[in-house]
Amino acid sequence: MASLSEETAKKVLRQVEFYFSDSNLPRDDFLKKSISESEDGMISLALICSFSRMRGHLSLGDSKADAIPEDSVKAVAETLRKSTTLKISEDGQKVGRATEILKPEEVIEQVDIRTVAATPLEFDVKLEDVETFFGQFGKVNSVRLPRHVADKKLFCGTALVEFSTEEDANKILKETLNYGGVQLELKPKKEFDTERAKETEEYEKTRPLTNSNRKNNAKPEADYPKGLIVAFKLKSSSDKDSAEHNGSPEKTKKVAGDVNTEDAEKDNKENVDEKNSLDGEEKKTEDGEKPSEEGKGGEKEERLNAVETYKDNMDVVMREDLKTLFGKFGTVKYIDFKIGEESGFVRFEEPEAAHKARAAAVLTELGGLVVKNFIATLEPVSGEAEKEYWKNFRGSQEKFRESKGSHRGRGGKHHRGGYKHGRSRDDNGGRPNKHRKF
């Protein structure tokens, strides 16, 4: 029988002890049910080996309980016999707790008292890394990485760290800790639970109805990317009005879903390779076709002139400034903003980048991110606001495609044999006149 490597044995022992620990068992309905249905309070070791994290430790792929190799079960059994909190059956086929558990509600209360919630952490953070980090300050019993309320596939950004004693937990709450270059916000788990309950309630109110609640003839809700959009508002670092300070006396404010056709046109040109998140297919231009050159040269030149004019003006924020600012947190797909506006939207490629940006803004002393002589405060766009944003944005893109198609003459893309309208035409059938965009 092949034994487990020292590293694998350590991981397996740690994992199975956690499954049967006070930290996990009172909350694990599946394990509790399996134990209660067992005459001796022990359950199949092959079943334990089929759990996802155990399969990972043992390199078992997607094996089910009845397909776990006998050698793997025996090797795990030999490793677990070293545990002081577990017991193994004589034949090495079952595992259970060495001692009976107290009343679940009492155990949960004790565990919660010595658990600290730490945020913000990166979406791809590893449980082992969090455990190692906090292990510097006290003995860690367990670490949990709760899922996001709106998307169970994503980590919510807050780790729940259970220490061995209440004293260690209270000591950590008084510390100022930095993880990954960001200062952590530390709070008791009960505060996290209260906030989590509110988030869940809000999500339940705004999430789309499930299929079972729709009328038979109703079409399913269109899917759209979640967590990519962040709304920002510029506030002057002085006491002057933010919009007036940002190069324009006219105070304007964007709301979620307020996507104009011009922005959608430019976004469509600049991001032709972006995946269409509604149908999962990649958007592409037609074979060999380039976007219409009509009027493009003048607008591009004017925009470049504006960039050159205002790049060193600390009282004027441009899209280029915002792209540089937000680009520190991840790939920026689009900035929905014009000079003179006091608010706008940034769309990231990944939700992790949006989370990092919001976390960084919240943790600054100024309450936002500094861009020239302004402070950009950030808010997530979620629920109905997020849905409305994508609805309007996709609608604008569709209008652009239709308009693009109607501009071609019968002679093809270069209007050979056809005709070409000037930008000053007054008919309503083509692209409307618009103010210049920098």
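Which residue in β12 is the bridge partner of Asp 336? The legends below begin with that strand and its surroundings in a predicted model.

**Figure 1. Strand β12 is paired with β10 and with β11.**
Phe 345 is the β12 residue that bridges to Asp 336. Four bridges join β11 (residues 332-336) to β12, and the two run antiparallel. They make a hairpin, with six residues between the strands. Gly 340 sits in the turn and has a positive phi of about 100°. β10 also pairs with β12 in the antiparallel sense, here over five bridges. Lys 233 has Ser 343 of β12 as its bridge partner.

**Figure 2. Both faces of β12 are covered.**
Six of the six residues of β12 are buried. In a regular strand, side chains alternate between the two faces of the sheet. On one side of β12 are Ser 343, Phe 345 and Arg 347. On the other are Gly 344, Val 346 and Phe 348. Phe 345, buried here, is the residue bridged to Asp 336. Ser 343, also buried, is the one bridged to Lys 233.

**Figure 3. Helix α14 and the strands that cover its buried residues.**
Helix α14 covers residues 351-363, 13 residues in total. At 1.5 Å a residue the helix should span 18 Å; its end C-alpha atoms lie 19 Å apart, which agrees. Its buried residues are Pro 351, Ala 353, Ala 354, His 355, Ala 357, Ala 359, Ala 360 and Ala 361. The cover over these residues includes β10 (229-236) and β12 (343-348). It also includes β13 (369-371) and β14 (374-380).

**Figure 4. An open sheet of three strands, in the order β1-β3-β2.**
The pairing is antiparallel. β1 (43-44) and β2 (86-88) stand at the edges. Each has a single partner strand, so one side of each is left without a neighbour in the sheet. β2 pairs with β3 (residues 94-97) over three bridges. Ile 88 stands opposite Val 95 of β3.

**Figure 5. Thr 119 in strand β4.**
β4 runs over residues 115-119. Thr 119 has 16% relative accessibility and counts as buried. Its side chain makes a polar contact with the side chain of Thr 158, at 3.2 Å. Leaving aside neighbours within four places in sequence, Thr 119 is in contact with Gly 157, Thr 158, Gln 183, Leu 184 and Glu 185.

**Figure 6. A buried salt bridge between Glu 162 and Arg 114.**
The closest N and O atoms of this pair are 3.0 Å apart. Glu 162 lies in strand β6 (residues 159-163), and Arg 114 in the loop between α6 (104-113) and β4, so the pair ties together parts that are 48 residues apart in sequence. Both residues are buried.

**Figure 7. A salt bridge between Arg 53 and Glu 128.**
The side chains meet at 2.9 Å, N to O. Arg 53 is in helix α4 (residues 52-58) and Glu 128 in helix α7 (residues 127-134). The pair links distant parts of the chain, 75 residues apart. Arg 53 is partly exposed, with a relative accessible area of 35%. Glu 128 is also partly exposed, at 38%.

**Figure 8. Further salt bridges, including one between Lys 33 and Glu 37.**
A search of the whole structure finds 16 salt bridges. The side chains of Lys 33 and Glu 37 meet at 2.6 Å, N to O. Glu 37 is exposed, with a relative accessible area of 56%. Elsewhere, salt bridges link Arg 27, Asp 112, Lys 189 and Asp 193 in a network.

**Figure 9. Asn 24 in the loop between α1 and α2.**
The loop is flanked by α1 (6-19) and α2 (29-36). Asn 24 counts as buried at 8% relative accessibility. Setting aside neighbours within four places in sequence, Asn 24 is in contact with Phe 18, Tyr 19, Leu 31 and Arg 144.

**Figure 10. Two buried cysteines, Cys 49 and Cys 156.**
Cys 49 has 0% relative accessibility and counts as buried. Cys 156 is buried with a relative accessible area of 15%. A search of the whole structure finds zero disulfides.

Terms used. Residues numbered from 1 in each chain as written. Predicted model: local features only at pLDDT ≥ 70, side-chain atom pairs only at ≥ 80, totals over all residues. Heavy atoms only, no water. Buried < 20%, exposed > 50% of the residue type's maximum accessible area, 1.4 Å probe, protein only. Polar contact = N/O pair within 3.5 Å; in protein donor to acceptor, adjacent residues only side chain to side chain. Contact = heavy atoms within 4.5 Å. Salt bridge = Lys/Arg side-chain N within 4 Å of Asp/Glu carboxyl O. Disulfide = S-S within 2.5 Å. Pairing = 2+ DSSP bridges. Expected span 1.5 Å × (residues − 1).
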